[in-house]
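Hi,

Here is the structure I said I would pass on. Have a look at it first, and my notes follow underneath.

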Amino acid sequence: MTMTSIPDSTAGDPRVPARRDRGASVPAAKEIAPRDGGPLGGEQRFSVYTGAELASDAAIPTAAQLGLEPPRYCGQCGRRMIVQIDPVGWWAQCSRHGRIHSNEIAGYR
Ligand SMILES: [Zn+2]
């Protein structure tokens with residue numbers, strides 16, 4: 001007796017829509033109060049744009065120099081931050097060092 005492979009009748013069925021209800025299922029990030037001066041406070045040990053450990057000759061991307069780019073990594077621990085951009089600014093949140101808003105920082109827009 002031989003096994004015959006039966007094609008899965010539901011795979012690739014165009015009548016079955018793929019689940020892509022993004023947005024509605026993503027929970028809003030719970031705000032964490034800034035700690036130890038926040039992600040951009042205190043002694044900056046990591047690049048907030050690349051997450052790399054800071055060296056004396058670290059290059060800052062041009063868009064970042066112009067204030068067009070929000071920080072992506074925590075300056076204190078180098079963790080990737082949750083970043084939300086809105087028409088008037090942005091906030092960025094480290095799971096350990098809390099959230100910082102663009103309007104709290106001089107030099108950022
Ligand atoms: Zn951090």
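**What I found**

Buried residues account for 17% of the 109 residues in the protein chain. Keep in mind that this is a predicted model. The chain has an average pLDDT of 76, and 60% of the residues reach at least 70. Confidence is highest in strand β1 (residues 82-86), with a mean of 92, and lowest in helix α1 (residues 62-65), where the mean is 62.

On to the fold. You'll find 1 helix and 3 strands in the protein chain, and reading from the N terminus the elements go α-β-β-β. As for contacts between residues at least 6 apart in sequence, 44% of them link residues at least 24 apart.

**The sheet**

The 3 strands make an open sheet, ordered β1-β2-β3, with antiparallel pairing. At the edges sit β1 and β3 (98-101), each of which pairs on one side only. From one strand to the next, the twist averages 15 degrees.

Here is how the strands are connected, starting with β1 and β2:

- β1 and β2 run antiparallel and are joined by 5 bridges. The connection between β1 and β2 is a hairpin through 2 residues. If you want a pair to look for, I82 has Q93 in β2 as its bridge partner.
- Strand β2 (residues 89-94) is also antiparallel to β3, with 4 bridges between them. β2 and β3 form a hairpin too, with 3 residues in between. Two pairs to check here: A92 is bridged to I100 in β3, and C94 lies opposite G98 in β3.

**The core**

Which residues make up the largest nonpolar core? There are 8 residues in all: F46, V48, Y73, C74, M81, A92, C94 and I100. As background, nonpolar side chains tend to be buried together in soluble globular proteins.

A92 is a good residue to centre your view on. Besides being the bridge partner of I100 in β3, A92 belongs to that core. Leaving aside residues up to four places away in sequence, A92 touches P39, P70, P71, M81, I82, V83 and I100. Of that list, M81 and I100 are core members as well, while I82 is the residue that bridges to Q93.

C94 also turns up in both places: C94 is part of the core and stands across from G98 in β3.

**Before the helix**

Two residues in the segment before α1 caught my eye, D36 and K30.

D36 is not a glycine, yet its phi is positive, at about 55 degrees. Why does D36 count as partly exposed? D36 has 13 other C-beta atoms within 10 Å, and a residue is exposed at 12 or fewer and buried at 20 or more, so D36 falls in between.

Is K30 buried or exposed? K30 is exposed, because its count of other C-beta atoms within 10 Å is 8, and the cut-off for exposed is 12 or fewer. How far apart are the C-alpha atoms of K30 and S95? They are separated by 9.9 Å, although K30 and S95 are 65 residues apart along the chain.

If you are short of time, I'd start with A92 and its contacts, then follow the strands in the order β1-β2-β3.

Cheers

Note on methods
Residues are numbered from 1 along each chain as its sequence is written. This is a predicted model: local features need pLDDT of at least 70, side-chain atom pairs count only at pLDDT 80 or more; totals for chains, interfaces and linings use all residues. pLDDT is the predictor's confidence in each residue, from 0 to 100. Two strands pair if DSSP finds at least two bridges between them. Axes are lines fitted to C-alpha atoms, for helices over the stretch in contact, and angles run from 0 to 180 degrees between N-to-C directions. A nonpolar core is a set of buried Ala, Val, Leu, Ile, Met, Phe, Trp, Tyr and Cys residues joined through C-beta atoms within 7 Å. Two residues are in contact if their C-beta atoms, placed from the backbone, lie within 7 Å.
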